[in-house]
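Reader: Pick one spot in this model and take me through it closely, then work outwards from there. Keep it casual, but keep the geometry in.

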Amino acid sequence: MKDLINYDIFEENWEVSIVIGLIFGILIFSSVLFFVLGKLKPKADFSELVMRTKSWWLMAVIFVAATILHPIITFISLGLLSFVALRELSSISKNVRSADRRTLIWCFLAIPVQYYFAYIGQYGLFLTFIPIFMFLWIPFMLVINGDIDDIGKSMSVLPTQLMLTVFGLSHLAFLVALPEIDGFNAGGRSLLLFIVFITEMNDVFQFTWGKLFGKYKILPKVSPNKTWEGLIGGVLTTVIVGYFLKFLTPFTDTQIILVCFTIAIAGFIGDVVLSAVKRDIGIKDTGESIPGHGGILDRIDSLALTGPLFFHIVYNLYYL
Amino acid sequence: MRRFLLWLIYRVIMRFLLKLFAGISIKDKENIIHNGASIIVANHNSHLDTITIMSFIPTKQLIKTHPVAAGYYFGKTNSKKRLSNYFINALLIPRGRPKKGENKPDPIEMMLEVLDRGHSLILFPEGSRGEPEVMQDFKWGIGLILQARPEIPFIPIYLKGLGKVLPKGDPVPVPHLSKITCGKPTLPISKDPAEIVTQVHNSIVSLKNNY
């Protein structure tokens, strides 16, 4: 039982404790705020915000648990997150034919393999397994199944879903497997905490700035809620918050600003790309896994893009 | 012992597996809880349909609930019969009613007998599973039962997605999001079996459209 929880992380990395305290502080603050506001102004409808806060609690518990528990639990819980995301995406996608079910099994089986490569820290296998091996294997399995109608669609849709939900998210797990380096001994766990916190905060900031000052739409057809004011305000706030969380990363001052800027833009891209996919399918929210948030996909769509970007920046700058 | 087993199988193990593979969610759960005899009617696409409905019924009620199943499929051998009786609580009926003068058990009589004991039935009026997400025509049985016992309510249930998790003719389950929607317990409005069948059919279709 003692091995299950990684107490060292509190003793050696006081930074991590601070951020975890900060996360729950923000959550408690907003829960209390909405509760009080709801009592003061019973007429105003805060139900959407209350629901959102509820699902943030769930997300925070998942990721904080992933940070402080034993690495094995971290890998299993992140793998489950990939599984749930892939299950949701393949269920709602109208481009997955019923003839593809046998091939879909291979996509699900790829999840444990990919996370195992992350766990043993096999950088080369981890990087090539899905983009090369699965990209060959899935079309082959589709051909073996023998249903040729619309097979091209399936050949492109299934690997893309695998890339978004498994390849993208598994980079978060590989962050945890990164070893300590000179001058930065907080390790991969604090990097995981940093990227998840920054990406989710970026979502919130862009949403809030857009709600408060949004006027000029960027992509009216795809995502009517995305405005230039929201994007610019969100990017600036994210960079400022990221700068103060620099102690979680090995970056220098200039690097952290550039990295936060990149994450903020990538988070925006992930958001609008998944929005377009959803519009194409004709639904607003992707599911009901987290209350008030549509599906789990709505929360992790930006992470699927910012995760790999952040990972490769860190890896190329400090681990090669 | 049996009650504990049913609780463990349906409320714990099956519920967990369904959550994992089907991400099952339920709408208007309170409608399924019913004291006394009732008939749960649902659309049928997969073997998981019965298990899903059973996993949401409280154990006290579950022990008095019998899914109606085709005898020739689930009761082929004696051991299979015993297993279905013990673990699924199934009521095995023959397909089709006996012709005049034939000395065979009447499925309608068998079902009425269970209802008269104060127990409940789970019935799939489509008869067999068919294509995923496609509803077939309803059989007459439900109309005849409700005609004979108009005081017993039926609970319509619409199941979505389970036919994609485990469809007919493919033993390998694939994860797919599913949902179960429960309608209010309803009494038949007519005495005519054909009209009752239409009423039951419409109540399930309206759950489908309100999805």
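Author: Let's start in chain B, at Asp28(B), which sits in the loop that links strand S1 (25–27) to S2. Keep in mind that this is a predicted model. What catches the eye at Asp28(B) is the backbone: phi is positive, at about 55 degrees, even though the residue isn't a glycine. As for its surroundings, Asp28(B) has 13 C-beta neighbours inside 10 Å, so it goes down as partly exposed.

Now follow the chain out of that loop. Strand S2 (39–42) of chain B is one of the elements that the buried residues of H7(B) pack against. The others on that list are helix H6 (107–116), strand S5 (120–123), strand S6 (154–160) and helix H9 (193–209) of chain B. And which residues of H7(B), residues 141–148, are the buried ones? They are Ile142(B), Gly143(B), Ile145(B) and Leu146(B). Look down the axis of H7(B) and these buried residues stay within an arc of 165 degrees, so they line one face of the helix.

Helix H9 deserves its own stop. The axes of H7(B) and H9(B) are 8 Å apart and meet at an angle of about 110 degrees, which means the two helices are roughly perpendicular, given that 65 to 115 degrees counts as such. Their crossing is right-handed. On the H7(B) side the contact is made by Ile142(B), Gly143(B), Leu144(B), Leu146(B) and Gln147(B), and H9(B) brings Pro193(B), Ala194(B), Ile196(B), Val197(B) and Val200(B). Sort the residues of this contact by class and you get eight nonpolar, two polar and no charged.

Stepping across to the other chain, the contact between the two takes nine residues from chain B and 11 residues from chain A. The chain B side of it splits into five nonpolar, three polar and one charged.

Chain A itself has 12 helices and zero strands. Of its 320 residues, 42% are buried. Among its contacts with a separation of 6 or more, 71% join residues 24 or more positions apart.

There's an Asp with a positive phi here too: Asp150(A), at about 60 degrees and again not a glycine. Asp150(A) is found in the loop between helix H6 (123–145) and H7 of chain A. With 13 C-beta neighbours inside 10 Å, Asp150(A) counts as partly exposed.

Past that loop comes H7(A), residues 151–177, which packs with H12(A), residues 303–319, at an angle of about 45 degrees and with the axes 8 Å apart. That angle is why H7(A) is called oblique to H12(A). The crossing of this pair is left-handed. From H7(A) the contact uses Leu164(A), Thr165(A), Gly168(A), Leu169(A), His171(A), Leu172(A), Phe174(A) and Leu175(A), while H12(A) supplies Leu303(A), Ala304(A), Leu305(A), Gly307(A), Pro308(A) and Phe311(A). By class that's 10 nonpolar, four polar and no charged.

One last landmark in chain A is Val273(A), in helix H10, residues 253–281. Val273(A) has 17 other C-beta atoms within 10 Å, so this residue is partly exposed. If you want a distance to check in your viewer, take the C-alpha atoms of Val273(A) and Ser77(A): the two residues are 196 positions apart along the chain, and those atoms are separated by 25 Å.

Definitions and conventions: Residues numbered from 1 in each chain as written. Chains lettered and ligands numbered in written order. Predicted model: local features only at pLDDT ≥ 70, side-chain atom pairs only at ≥ 80, totals over all residues. Axes fitted to C-alpha atoms, helices over the stretch in contact; angles between N-to-C directions. Helix = DSSP H or I, 4+ residues; strand = E, 2+ residues; numbered from the N terminus. Parallel < 35°, antiparallel > 145°, perpendicular 65-115°, else oblique. Left-handed = near helix turned anticlockwise from the far one by under 90°. Contact = placed C-beta atoms within 7 Å. Nonpolar A, V, L, I, M, F, W, Y, C, P; charged D, E, K, R; others polar. Buried ≥ 20, exposed ≤ 12 C-beta atoms within 10 Å, placed from the backbone. Arc of directions from axis to C-beta.
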